[in-house]
Amino acid sequence: MGDRRLISSGSTFEREIGYSRAVVDGDWVHVSGTTGFDYAAMTISDDVVEQAEQCWRNIDAALREAGASVADVVRVRYLLPDGDDFESCWPVLRRWLEDVRPAATMQVCGLSDPRMKIEIEVTARRSGSRVAPGLGWPR
């Protein structure tokens, strides 16, 4: 159970603040709150829906590097400064998670940069450790 690995997206935030995009700890993958920044260009859209899509692309990349996928997500947290923006993101969230259906929470709170309109955090359990179908989660 000593399998602990740190994953970086290359974001300058990770280095400056001192955190990892994701931490693999045994079967579990904990993905930090992820915003809509395109980390390669360090740009962010003004549109909350585009930010939500970029969040999921960033999360997907971290999960893949961890040996997991979005299909392994068991918990998701949505953080938004403006709760009225959440509903416009639903089509993006549904497209990424419709077949996964993780436990989820949406919270209205301040984010560290006023350009950020949504932040998404996930926890996943790598598929190699899943219970066999018919015997437990996920199906």
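**Entry 1: a pair in helix 2**

I started with Glu53 and Arg57. They are four residues apart in helix 2, so about one helical turn separates them. This is a predicted model, and I read every value below as such. The two side chains meet in a salt bridge, at 3.8 Å from N to O. I then looked up how each partner sits. Glu53 is buried, at 15% relative accessible area. Arg57 is partly exposed, at 41%. Does the pair stand alone, or which residues share its network? Arg95 belongs too: salt bridges with shared partners join Glu53, Arg57 and Arg95 into one network.

**Entry 2: helix 2 against helix 3**

Arg95 led me to helix 3, since it is listed there among the residues touching helix 2. I took helix 2 as residues 48–65 and helix 3 as residues 86–97. Their axes come within 8 Å and cross at roughly 25°. Angles under 35 degrees count as roughly parallel, and the two helices are therefore roughly parallel to each other. I noted the hand of the crossing as well: it is right-handed.

Which residues make the contact? On the helix 2 side I listed Val48, Val49, Ala52, Glu53, Trp56, Arg57 and Asp60. On the helix 3 side I listed Ser88, Cys89, Val92, Leu93, Arg95, Trp96 and Leu97. Sorted by class, the contact has nine nonpolar, one polar and four charged residues. Glu53, Arg57 and Arg95 of the salt-bridge network all appear in this contact list.

**Entry 3: other salt bridges**

I searched the whole structure for salt bridges and got eight. I looked at two more of them.

Glu14 and Arg21 pair through their side chains, at 3.5 Å from N to O. Are these two buried or exposed? Both are buried.

Asp27 and Arg125 form another salt bridge, with the closest N and O atoms 4.0 Å apart. Where do the two partners lie? Asp27 is in the loop between strand 2 (22–25) and strand 3 (28–35), and Arg125 is in strand 8 (residues 119–125). The pair therefore ties together parts that are 98 residues apart in sequence. I checked exposure here too. Asp27 is partly exposed, with a relative accessible area of 30%. Arg125 is also partly exposed, at 25%.

**Entry 4: the chain overall**

I stepped back to the whole chain. It holds three helices and eight strands. Along the sequence I read the pattern β-α-β-β-β-β-α-β-α-β-β. There are 139 residues, and 42% of them count as buried. I also looked up how far contacts reach in sequence. Of the contacts with a separation of 6 or more, 69% join residues 24 or more positions apart.

**Entry 5: two threonines in strand 3**

Next I picked Thr34, which is in strand 3. Its relative accessible area is 0%, so it is buried. What does it touch, beyond its neighbours within four places in sequence? I found Arg21, Tyr39, Cys55, Asn58, Ile59, Ile118, Glu119 and Ile120. Arg21 here is the residue that bridges to Glu14. I checked one C-alpha distance: Thr34 and Ile118 are 84 residues apart along the chain, with 8.4 Å between their C-alpha atoms.

Thr35 is in strand 3 as well. It is buried, at 5% relative accessible area. With neighbours within four places set aside, its contacts are Cys55, Asn58, Met116, Ile118 and Glu119. Cys55, Asn58, Ile118 and Glu119 are on the lists of both threonines.

**Entry 6: strand 7 and the loop after it**

I ended with Val108 and Pro114. Val108 is in strand 7. It is partly exposed, with a relative accessible area of 48%. It touches Leu80, Pro81 and Gly83, not counting residues up to four places away in sequence. I also took its C-alpha distance to Asp84, 24 residues apart along the chain, and got 9.4 Å.

Pro114 lies in the loop between strand 7 (103–108) and strand 8. Is it buried or exposed? Pro114 counts as exposed, at 79% relative accessibility. Its C-alpha atom is 8.8 Å from that of Pro81, and the two prolines are 33 residues apart along the chain. Pro81 is also one of the residues that Val108 touches.

Note on methods:
Residues numbered from 1 in each chain as written. Predicted model: local features only at pLDDT ≥ 70, side-chain atom pairs only at ≥ 80, totals over all residues. Heavy atoms only, no water. Axes fitted to C-alpha atoms, helices over the stretch in contact; angles between N-to-C directions. Parallel < 35°, antiparallel > 145°, perpendicular 65-115°, else oblique. Left-handed = near helix turned anticlockwise from the far one by under 90°. Contact = heavy atoms within 4.5 Å. Nonpolar A, V, L, I, M, F, W, Y, C, P; charged D, E, K, R; others polar. Buried < 20%, exposed > 50% of the residue type's maximum accessible area, 1.4 Å probe, protein only.
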